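Here is a short note to read beside the structure. Please keep the 3D view open and find each residue as it comes up.

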Amino acid sequence: MVCETQILSYDYLVVAFGADKMKHKGVENTLSICGKPEISLAIRDGLDQLIEKGSGKIAVGFGGNPKDKSAVRGGPAFELIFNIHNLLKKKKLRQNFELTFFAPMEQPGTRMGQNALPMLNKLFDRYHIEKRFGKKITGFEPNSIVFEDESKLNADLILFIPASAGHRVLQSSDLPLSDAGFIRIDNFCQVHGYSEVYAIGDIAAMEGPEWIAKQGHVAELMGRNAAFNILETEKGSEKRKGYQESLNILCVMDTGDGAAFVFRNDKKSFLIPMPIVGHWMKKGWGTYSKLTKVGKFLRLPGM
Ligand SMILES: Cc1cc2nc3c(=O)[nH]c(=O)nc-3n(C[C@H](O)[C@H](O)[C@H](O)COP(=O)(O)OP(=O)(O)OC[C@H]3O[C@@H](n4cnc5c(N)ncnc54)[C@H](O)[C@@H]3O)c2cc1C
């Protein structure tokens, strides 16, 4: 038995049940866009209430996991605050709202590459979004975020994406875990010490350059590699595919009135602004991704 979920017998096991969220004191006073799908409706309702009131303070942020720098999810937090800005602007209410972005690192977004930082800063300045960076978050109270120096940031609506940590089920398993609780694997996604067990995606302790991030396309790549490696093992071949040589950051960051295409690997990093069209591309990607996942549309090779 590998973990508390009962497994009777297997030839090969691929573990892929994602990550858990880091627990912050009072986190129930916040809403996360990376939580259950219903939470997106609560975020919508919270925004609608403030829009109806006509003014307010909104804080959006994300946390970090000091034990695993890849376990952060900043992209959706940036997207959320830029989209909120554009929504309020469209409703001609922006001047009545105070928007603040908070994160414990000195330069959130730095893993997207040095070219991304000036662009992010430009957007924060252009959209008049306040910044609270570089202070550890110690907890949340109703309507405020508390930092390590005991200072507080007050807000009517707090939208926060906690960093991720290893899935709680793993704690009672025999699998080798990193300090942050993720499963230790080799380059071929094979779990250390278990020749028939593979771990892929957010649940795995990824190793690589300091900018690596747990992303969906990396999870898919790891899944394809694990399947290939299992098949080759069965054939008795020595061929293997590793995830580390193909690591990259790839994201289209929607701002509500456009988007930024961000790419980074070990050779290059760039950011291409895509005014107007980028927003529609990201929406189109969402529809394509959903339809292909449920088998209602053909998946294009490599996408
Ligand atoms: C709002 C948001 C935006 C994102 N944007 C991007 C992006 O633009 N680009 C990108 O590349 N990545 C993005 N990501 C990250 C991406 O979604 C993840 O990296 C990816 O989903 C990881 O895949 P996974 O299969 O490892 O885990 P998951 O997708 O989390 O899948 C794990 C599955 O296991 C199930 N499960 C959990 N516990 C158990 C259990 N005990 N037993 C059985 N099943 C269980 C879960 O219900 C879930 O279905 C985003 C994430 C969020 C939340």
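In which strand is A205 found? Start there, then work through the points below.

1. **A205.** This residue is found in strand 13, which covers residues 204–205. Bear in mind that the model is predicted. A205 has a relative accessible area of 6%, so it counts as buried; the cut-off for buried is under 20%. Now look for I183. A205 and I183 are 22 residues apart in sequence, yet their C-alpha atoms are 5.4 Å apart in space.

2. **N187.** Find the loop between strand 11 (183–184) and strand 12 (197–199); N187 has its place there. Is N187 buried or exposed? N187 counts as buried, because its relative accessibility is 17% and the limit is 20%. Its side chain also has a partner. The side chain of N187 makes a polar contact with the side chain of E245, at 3.1 Å.

3. **The shell around the ligand.** How many residues surround the ligand? The count is 16, and the closest are C34, H167, D202, Q215 and G216. By type, the shell divides into six nonpolar, six polar and four charged residues. Helix 4, residues 216–235, gives the largest share, with three residues.

4. **Where the ligand lies.** Domain 1 is made of 13–19 + 166–246, and domain 2 spans 25–161. Both domains give residues to the shell, so the ligand lies between them. Colour the two domains separately to see this.

5. **Polar atoms at the ligand.** Three residues are worth checking here. A backbone N or O atom of D202 is 2.8 Å from an oxygen atom of the ligand. In R73, a side-chain N or O atom is 3.4 Å from a ligand oxygen. In H217, a side-chain N or O atom is also 3.4 Å from an oxygen of the ligand. On its own, the ligand has 1000 Å² of accessible area, and the protein covers 52% of it.

6. **Strand 15.** This strand runs over residues 258–264. Why is strand 15 described as largely enclosed by the rest of the structure? Six of its seven residues are buried, so the description follows.

7. **Strand 15 and strand 14.** Strand 14 covers residues 249–254 and pairs with strand 15 in the antiparallel sense, over six bridges. To trace one bridge, start at I249; its partner in strand 15 is R264. The two strands form a hairpin with three residues between them. In this hairpin, G256 takes a positive phi near 95°.

8. **Strand 15 and strand 16.** Strand 16 is residues 269–275, and its pairing with strand 15 is antiparallel over seven bridges. Here A260 stands opposite P273 in strand 16. Strands 15 and 16 also form a hairpin, with four residues between them.

9. **Strand 4 and its partner.** Strand 4 is mostly covered, with six of its seven residues buried. Is its pairing with strand 3 (residues 56–62) parallel or antiparallel? The two strands pair in the parallel sense, over six bridges. One bridge to find joins K57 to its partner E98 in strand 4.

10. **Q107.** After strand 4 (97–103) comes a loop, and it leads to helix 3 (116–126); Q107 lies in that loop. Q107 has a relative accessible area of 46%, so it is partly exposed. Check its distance to A163 as well. The two residues are 56 apart in sequence, and their C-alpha atoms are 16 Å apart in space.

11. **Two unusual phi values.** Most residues other than glycine have a negative phi. N143 is not a glycine, yet its phi is positive, about 70°. It is found in the loop between strand 6 (137–141) and strand 7 (144–147). With 42% relative accessibility, N143 counts as partly exposed. I276 also has a positive phi, near 55°, and is not a glycine. Look for I276 in the loop between strand 16 and helix 5 (277–293). Its relative accessibility is 59%, so I276 counts as exposed; the cut-off for exposed is over 50%.

Note on methods
Residues numbered from 1 in each chain as written. Predicted model: local features only at pLDDT ≥ 70, side-chain atom pairs only at ≥ 80, totals over all residues. Heavy atoms only, no water. Near = heavy atom within 4 Å. Polar contact = N/O pair within 3.5 Å; in protein donor to acceptor, adjacent residues only side chain to side chain. Areas by Shrake-Rupley, 256 points an atom, 1.4 Å probe, with all protein chains shown as cover. Nonpolar A, V, L, I, M, F, W, Y, C, P; charged D, E, K, R; others polar. Domains from an automatic or database assignment. Buried < 20%, exposed > 50% of the residue type's maximum accessible area, 1.4 Å probe, protein only. Pairing = 2+ DSSP bridges.
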